[in-house]
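Here are my notes on the two-chain model you sent over. I've kept them as numbered points so you can follow along with the structure open.

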Amino acid sequence: MLFWVKTAALFLIRSKRTSVVLTLMVISAVSCLIFLSSLAMGVNDAMIRNSVGLFSGHISGYNIPSNISNKDLSVKGVANVLKRVQLPGFIHVKNKMEMITLIGIDPAQELKSSAFWKKTIKGRFIQEGTNELFISESLSKRLGAVCGDIISFSQQARLEHGFLKKEFVVVGIYKTGISQLDTGISFCDIGTLENKQSVWDAAIFLQDGVDIDMILQEYRNKNLDHNNFKTWKQLMPDLEQLISLNYFSMTIVIIVVFIIVSLGITSAFSIFILKSIREYGIMKVMGMTSKETVFLLCWEVFLLNIVASALGIIVGVLVVLIFQTIGIDLSAYTSHNQYFIVSGVVYPRLTIYSVWLPPLSALLFSLPAAIWPAIMVSRKNAAQILRGA
Amino acid sequence: MINTKNISKTYPSGRGVVNALCNVSFSTPKGATLAIAGKSGSGKTTLLNCLGGLEQPDTGEINCFGIDIHALSKKQLSHFQRQHMGFVFQFGNLLSFLTVEENIAFPLMLNKVLNKKEIKKRISSLLEKVGLSELSSVLPNELSGGEMQRIAFARAISHSPKMLIADEPTANLDTETANKLVQLMFSLAKEENCSIILSTHDQDLIKLADQAIYLFDGRDATNG
Ligand SMILES: Nc1ncnc2c1ncn2[C@@H]1O[C@H](COP(=O)(O)OP(=O)(O)O)[C@@H](O)[C@H]1O
Ligand SMILES: [Mg+2]
């Protein structure tokens, strides 16, 4: 056994040129696929990051009783909990009126974790402790309101005395491209509304790589009503599907590439072996059995692949790490896509899947590559080989 | 004792069949040297291939040391070859990816009889006998034709086979080198008590052998 491994290794080492060509083939296939699958991971990450990062967070909390604070929701793995309150009502400016939901937010915290404020197209985002208002472009058009205008908000359609009536200054106009955010809501500082509300909403942002189900479990352990929480997967089933689709197509690409690579290896290997067929003939004459021939050839392919895959992993991982720090700007391909609403920069990410699937497929698919030349060699009559036929 | 009886072999060819061997019979005792002589195309290679189990004769019997080698299964034949036979061909005998000593060790490794130390000892004694001790770690492509054939011979007898088949081992050598090689082979084979069956078309070499058979168009023409 050890003898055959050693013989196989010597065969590869001393047939340098052919081994190098085959090795380069496997290295490039493995490293390319590591990069491609890491890129697919990065695209998935970017879509999730963009979708949850814009406004809703990884987990959205609804109607949370005010005796529960955002500190209670900040369990381990949570990066930030944004507190928001809703107040439905009417906006009046000049002679126009629109029904909206006013959302009270903490501007400083929003700047830290969410991204919809980056979608400001006129003016600026609101500041803490002011009566400033941040409205969507469509609302500003319908009201004919511009930055600097004073706007009244009340919970009643008719402006009567005795009901809450508040005045706000429009300081910023935004447009996200997502209809839920662009119609029917406006933002103000939570301080102007908070005391009127008995429940609040939460946008919960998780740290990178944290399992969302663990956080939900943690909430359940804290006796929080799980009906109050919805994950991005529940809120955006289309995105979850898109991500599964991405995984699926990546796996198919890997398999197809390796079917092609293994065909390449098979033919290169067959040529390799045909070129040195006399040597196999000599070994056969010395009493090497068919089984041992197959064994030797399989070891040759196996060793070549192990070495080449290892090198391929190193090259692939290095390339991924480089692009992970630089980032790949795909804005040109994503600017009209809701899943890349904040940024089109993708950061490839290595996973167990992206590092091990390519070399594993390389092995799996190239071992059969040894079988056909092995059969060819062991079928061929030694006398024929040695006569040079 | 190697015994053959009425071996015949034909090959299909463009114009009907070629009678490569026709009713060839001979026997040679263990440790003896036998020369097969004949012009090119007379059937020498065919006869040696049949003797070594590389080709199947159409009819006739071949019995090597009590074993009908063509009655063996493929696997049994491989094991018989690795234990009891050695081969030297006209050219390209050595495995190009193994050094001289690794080449000589190959049959020993296949047979798994000797341990590492014994193998080392056997290799150095053989290299000394063929006079190439200094070439032990050289790759075959650095050897001259005569050196290659001497190493091929050392490898062919390394596992102490009962018989050595040498198909025109001197064909690519000059007369002097050829003569020396055959003398070396015959004397070492005697030392090891190994039968040699060697084919050649060189009259001088035939005289060195204990026994000789002349082939003419596949027939034994020794007495004709
Ligand atoms: N595979 C083959 N197919 C057809 N004819 C063959 C084959 N091998 C050998 N022959 C023929 O058989 C005859 C004997 O060949 P061979 O044994 O090689 O002779 P030698 O070794 O004495 O030169 C020759 O006529 C040769 O052409
Ligand atoms: Mg011949």
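1. Let's start with the charged pairs. A search over all chains of the whole structure turns up 14 salt bridges. Keep in mind throughout that this is a predicted model.

2. One pair to pull up is Glu292(A) with Arg82(B), where the closest N and O atoms sit 2.5 Å apart. This salt bridge crosses between chains: Glu292(A) belongs to helix H11 (residues 290-326) of chain A, and Arg82(B) to helix H2 of chain B. Are the two partners buried or exposed? Glu292(A) has 14% relative accessibility, so it counts as buried. Arg82(B) has a relative accessible area of 4% and is buried too. The cut-off behind both calls is under 20% relative accessible area.

3. Now look inside chain B, where Arg122(B) and Glu192(B) meet through their side chains in a salt bridge (2.9 Å, N to O). Arg122(B) is in helix H4 (residues 116-129) of chain B and Glu192(B) is in helix H6 (residues 175-192) of chain B, so this pair ties together parts that lie 70 residues apart in sequence. Arg122(B), with a relative accessible area of 15%, is buried.

4. Glu191(B) and Lys129(B) also form a salt bridge, at 3.2 Å from N to O. Glu191(B) sits in helix H6 of chain B and Lys129(B) in helix H4 of chain B, so here the parts being tied together are 62 residues apart in sequence. As for surroundings, Glu191(B) counts as exposed at 54% relative accessibility. Lys129(B) is partly exposed, at 35% relative accessible area. As general background, side chains of opposite charge can pair when their charged atoms come close.

5. On to the interface. How many residues of each chain are in contact with the other? On the chain B side there are 29, and they touch 24 residues of chain A. The two chains bury about 2300 Å² between them, and 64% of that is on carbon and sulfur atoms. Leu54(B), Phe97(B) and Phe106(B) are worth highlighting in your viewer: they supply 28% of the area that chain B buries against chain A, more than any other three residues.

6. There's a polar side to this interface as well. The rule finds three salt bridges across it. Glu55(B) and Arg387(A) make a salt bridge through their side chains, at 3.6 Å from N to O. Counting polar contacts between chain B and chain A gives nine residue pairs, with both residues at pLDDT 80 or more.

7. Which elements of chain B give two or more residues to the side that touches chain A? They are helix H1 (44-51), helix H2 (74-84) and helix H3 (100-111) of chain B. H2(B) gives the largest share, six residues. By type, the residues on this side of chain B split into 13 nonpolar, ten polar and six charged.

8. H1(B) deserves its own look. Seven of its eight residues are buried, so to speak of it as mostly covered is fair. Among the buried residues of H1(B) are Lys44(B), Thr46(B), Leu47(B) and Cys50(B). Following H1(B) comes Gly53(B), whose phi is positive, near 80°.

9. Chain B also has an open sheet of four strands, in the order S2-S1-S4-S5, with antiparallel pairing. Strand S2 (17-28) and strand S5 (67-68) of chain B are the edge strands, each pairing on one side only. Strand S1 (residues 2-12) of chain B runs antiparallel to strand S4 (residues 59-64) of chain B, and five bridges join them. To find your bearings there, look for Ser8(B), which stands opposite Thr59(B) in S4(B).

10. Last, a strand in chain A. Four of the five residues of strand S6 (residues 150-154) of chain A are buried, so this strand is largely enclosed by the rest of the structure. Strand S2 (residues 78-93) of chain A is antiparallel to S6(A) and joined to it by three bridges. One place to see this is Ile91(A), whose bridge partner in S6(A) is Phe153(A). S6(A) also pairs with strand S7 (residues 165-174) of chain A, in the antiparallel sense, over five bridges. There, Ser154(A) has Lys165(A) in S7(A) as its bridge partner.

Definitions and conventions. Residues numbered from 1 in each chain as written. Chains lettered and ligands numbered in written order. Heavy atoms only, no water. Contact = heavy atoms within 4.5 Å. Buried area = accessible area lost by both parts, 1.4 Å probe. Salt bridge = Lys/Arg side-chain N within 4 Å of Asp/Glu carboxyl O. Polar contact = N/O pair within 3.5 Å; in protein donor to acceptor, adjacent residues only side chain to side chain. Nonpolar A, V, L, I, M, F, W, Y, C, P; charged D, E, K, R; others polar. Buried < 20%, exposed > 50% of the residue type's maximum accessible area, 1.4 Å probe, protein only. Pairing = 2+ DSSP bridges.
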